[in-house]
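Student: Before we discuss any classification, could we have the structure in front of us and go through the reasons behind each term?
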Amino acid sequence: MTNDAEYIKEFVLEGHENLDRIEALLLLLEKDPRSPETLADVFRAFHTIKGTSRMFDFRRVEKLSHAAEDLLSRLRDGQAVLSTDNVNWLLRVVGTLRQRLAGIEKAGAEEPGEDDPVFLNTPAPPTDPGPTSGIAENTLRVNVTVLDRLMAEVGELVLTRNRVLQWSTGRGDPEIALRSQQLNGITTEIQHQVMQMRLQPIGQAWNKVPRLVRDLCAHLGKKARVVMEGADTELDKSILEAIRDPLTHLVRNALDHGIEPPDLRARLGKPAEGTVSLRAEHESGWVLLEITDDGAGIDPARLRERAIQKGLHSAEEAGRLEDRDAVALVFRSGFSTAEKVTEVSGRGIGLDVVKDNIEKVGGAIEILSAPGRGTTFQIRIPLTLSIVPTLIVSDGQTDFAIPQTHVIELVRLGGERAAHVEWMEDAAVFRLRGRLLPLVFLRQALRREPPPRSASTAQTLVVLRAGARPFGLVVHRAKDTEEIVEKPLGRHFKGLPFYEGASILGDGRVVPILDVMGLAESAHVISALERTHRLAPAAAPAPPAEKREVLLLVAGVDDSRAAIPLDRVDRVEEISTAAIERVGGREMIQYRGELLPLHRLSNLLKERRVRPRSTPASEPMEALPVVVCRDARNRRGLVVHRILEMVDTAPGDRRPGSRHGVAGTIIARGRITEILDLDVLFEPLPSSGGPS
Amino acid sequence: MKHRCGFYIGDFFFSVPLESVREVLKKAVVAPVPGTPPTVAGLLNLRGAIVTVLDIRSRLGLAPKPSAEPGALLLLDDGDESVGLSIDRVGDVVGVEEGSFEPLPETLRGPARSLIQGAYKLPDRLMLALDLDAVLDAERSMAEGSEK
């Protein structure tokens, strides 16, 4: 029966109201434990809950509130003095009652079960963690700090997962690859679930509004109904908490200043019952909230007058204010239009506090009002509270923010350290503790300037994590750290890879927030594939086996590295230097009845390093390893210094190559290694076979 | 009778429908953002919200405004967003009759053409109708801007 459902809803709402009241009173009691009025108030509130729950036959609620009432009657009669233990116990009862109410609201009936009699009978904090043990519960309360910690740990898990994935690809062991892909999937799912856990429907902040409006109407002698739209719109828990009070305040405001008394409304030709509507919807990373009343609206003339009275504006200035600017004066501190401070809205909290609270979580509020027709407050808040600790860096001209989650360390370049920057054609790398770090020059990447070959000016290297691997971002200066609230950029920035958002610093300046992944990608430090993989991990299954490529890792004379796709390798031979013949300036050997043209690795890829990595082998070797490669028509021999190993790579490991003859690069054995593009390197065909 | 908001960029006397203008800012500080096409002047802190500011001067064949100086802006209605348009100064709101509109004069050539729908004949001068769709079109403004 719908009537029953409505009564139950009313019961739940009223129950929550009473519990709110009890909580507030208990805090008062902690300061003044003997106050007979306060004790009586708490007693009455529990008594009300007990009485109504008995009507509905909600036995567990009744029993719990009865136990509380018992304790309170003893306290009230002076048989005992309220102790901290008592207060804690009462707060636990309140918490448990809330759970019961939530269950009743959901199911329309009380969940079966017994509450722990020890918990009920002993007015002391039980030592077990909760009274609900052993009872089937669909929901449980989790402290938000626990959730936050969990979130942070998940972040670490993701990073560890990335490291494991990178390590396992280098192993070429299918068993390890399979297990790490499983780890990958599970990690992604956990990450998703933890984010989900923090999302709550806005209805949770709204569910007290109908009751509030009812009470206010009774108090003010007005009539109003509440209309809600989009109560299931979800947003982050912390945002929800942050807007709860502003919301309540705006509703109070609408009732107090907006909706007119019924007789006046009748005279104005409006329905006697006013309407307060709450609306919420998602819009690309934001939640839009509207609180509208069909009341009197705000008269800009009155606000101008008031601004003059308050000395905020001269008469002339006030006269020049646009209507909407005049209406927006309500957000100024200490600006109240109520004729007298009323009991309902005027408690020293003004709309300026509402505005502050909303802006604190990165939101914005605006007011639209039509005199005689009503007022709408429009609130725009981010879906998740993204207060991000960032590092502010400068490229010499503009400041940028980098989320600190990406920052591994800062290294000062310049002086001797600048010599550690090595160049491979247009690509720069920095050797940091034996590890090669690809470099991106911020200024040049953004402004499309050629990179500075001589790093003479003092610069700072920000070592960043992009996906699984680090890279170095060269900035002019690292300035400061600052906690910022991330705000989305407009659609004109959609095609740009460099920025993930923007923020407003404490001094009002706008700073763009660098998209570390995008920056790395645009500078070819990571491949677009890896980025997509990371951004949509759930959608990316383990790469099918045939997509993986096995590479043969070889070393040149100076320990330079190269990789050859294994499917192009016929065999690996060792040849005697004495067997090499010179035909038309080209080295060849007799191999299996044919002439095999030889190419030396060190000649194919011209040396691009500033200094050799190690002393070249000075003595000529008697035997040389040759990798016999084939294409559709011919075989070629690639003379290398050493054959190292085979590595198994996924497409995501590859980055685009930066020069002719290189199909891409991978990181193998901690070094950037170029994958040879044999089709390009071996063309054009040597003309050695021409008529002689 | 429709109302149009007139404004100046260089020698151009433009206008847009009054209802497309959310606000006029006389002195706004725009933070430049490197890596954006010349048609994006930067970002504006509008009462705590971040607004993209466009500069069509490069599309008109004019030099972009030096971003360090505060300048006048029209805040245009772009659906869910507000977008700023950097202008030299705002003019009057002019009531125009449909009959006074003429398509683009043949004599007008050059880069500005793609941004202008036509002109309204005012008693003393011509008032150009800026093509807002062309101005706000993110892809086109990127493409034409990057040709510079």
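Student: Which residue is the bridge partner of Cys5(B) in β9(B)?

Tutor: In this predicted model, Cys5(B) has Val93(B) of β9(B) as its bridge partner.

Student: What makes strand β1 (residues 2-9) of chain B and β9(B) a pair?

Tutor: Pairing requires at least two bridges between the strands, and β1(B) and β9(B) are joined over six bridges in the antiparallel sense, so the criterion of at least two is met.

Student: Why do β9 and β10 of chain B stand at the edges of their sheet?

Tutor: The sheet is open, its six strands following the order β9-β1-β2-β12-β11-β10 in chain B with mixed pairing. Because β9 (89-96) and β10 (101-103) each have a single partner strand, one side of each is left without a neighbour in the sheet. Direction ignored, neighbouring strands of this sheet are turned by 35° against each other on average.

Student: Why are α9(A) and α10(A) called roughly parallel to each other?

Tutor: The axes of helix α9 (residues 209-220) and helix α10 (residues 237-258), both of chain A, come within 10 Å and cross at roughly 30°. Angles under 35 degrees count as roughly parallel, and α9(A) and α10(A) are therefore described in that way. Their crossing is right-handed.

Student: Which residues make that contact, and how do they divide by character?

Tutor: From α9(A) come Val209(A), Leu212(A), Val213(A), Leu216(A), Cys217(A) and Leu220(A), while α10(A) gives Thr248(A), Val251(A), Arg252(A), Leu255(A) and Asp256(A). These residues divide into eight nonpolar, one polar and two charged.

Technical notes:
Residues numbered from 1 in each chain as written. Chains lettered and ligands numbered in written order. Predicted model: local features only at pLDDT ≥ 70, side-chain atom pairs only at ≥ 80, totals over all residues. Axes fitted to C-alpha atoms, helices over the stretch in contact; angles between N-to-C directions. Helix = DSSP H or I, 4+ residues; strand = E, 2+ residues; numbered from the N terminus. Parallel < 35°, antiparallel > 145°, perpendicular 65-115°, else oblique. Left-handed = near helix turned anticlockwise from the far one by under 90°. Contact = placed C-beta atoms within 7 Å. Nonpolar A, V, L, I, M, F, W, Y, C, P; charged D, E, K, R; others polar.
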